[in-house]
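Q: I am new to this structure. Please take a close look at one part for me: the pairing of strands. What partners what, and what packs against it?

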Amino acid sequence: MQASPSLPEETDRLNALKQYDILDTLPERDYDELTQLAAQICGTPIALISLIDDKRQWFKSSHGLEIRETPREFAFCSHAIANPLETLIVPDSRLDERFAHNPLVTGDPNVVFYAGAPLVDEHGFALGSLCVIDNSPNELTKRLWTGSP
């Protein structure tokens, strides 16, 4: 398993995340409806709104997954936020050297497919992602994910 990429301006990114005062808050209907819709549109059993702090990936909303957080070093989202301008799509994590030995792939919840769009604040800091996950290989068409033809 490859380590998560180090991020330039990580201190500033973490400070921006803390200013939202959203970590460890209770579930909220609007966020839960968003993850449910993402899973439905993308045809995946799991959708998450995840935020990355200095030690963990915390889920503000999760559809199809019961856990509330994972260690940051296992988080696919840590890779997604490394490039705030692109959606990270991993069709089959078992074939990707970054993730093949990740405990989230080799064990429960058996992440095989991952697509995560960075959640970026007005200053350009990627704070987390909106992602969809499947337990088998998958793909998203450009039209499905971006609305483009």
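A: Two strands pair if DSSP finds at least two bridges between them. Strands are DSSP runs of E with at least two residues, helices are runs of H or I with at least four, and both are numbered from the N terminus. The model is predicted, so local features need pLDDT of at least 70 and side-chain atom pairs pLDDT 80 or more, while totals for chains, interfaces and linings use all residues. Residues are numbered from 1 along each chain as its sequence is written, and side-chain values use heavy atoms, without hydrogens or water.

Start with the whole sheet. Six strands form it, and it is open. Reading across, the order is 3-2-1-6-5-4. The pairing is antiparallel. Strand 3 (69-71) stands at one edge and strand 4 (88-90) at the other. Each has a single partner strand, so one side of each lacks a neighbour in the sheet. From one strand to the next, the twist averages 25°.

Now walk along the pairs. At the strand 3 edge, strand 2 (residues 56-63) is the partner, joined by three bridges. These two run antiparallel. One of the matches is Q57 with T70, its bridge partner in strand 3.

Go to the other edge. Three bridges tie strand 4 to strand 5, again antiparallel. Here V90 stands opposite Y114 of strand 5.

Strand 5 also pairs with strand 6. Eight bridges hold these antiparallel strands together. F113 has D134 of strand 6 as its bridge partner. The two strands form a hairpin, with five residues between them. In that turn sits G124, whose phi is positive, at about 90°.

What packs against this sheet? Helix 2 lies across strand 1, strand 2 and strand 6. Helix 2 runs at about 75° to strand 2. Such angles lie between N-to-C directions of lines fitted to C-alpha atoms (for helices, over the stretch in contact), from 0 to 180 degrees.

Look at one residue of this helix. T35 is found in helix 2. T35 is buried, with a relative accessible area of 0%. (Buried means under 20%, exposed over 50%, partly exposed in between, with a 1.4 Å probe and protein chains only.) Which residues does T35 touch? Leaving out residues up to four places away in sequence, they are A47, L48, I49, S61, S62, H63 and L130. Contact here means heavy atoms within 4.5 Å. Of these, S61, S62 and H63 fall in strand 2, residues 56-63.
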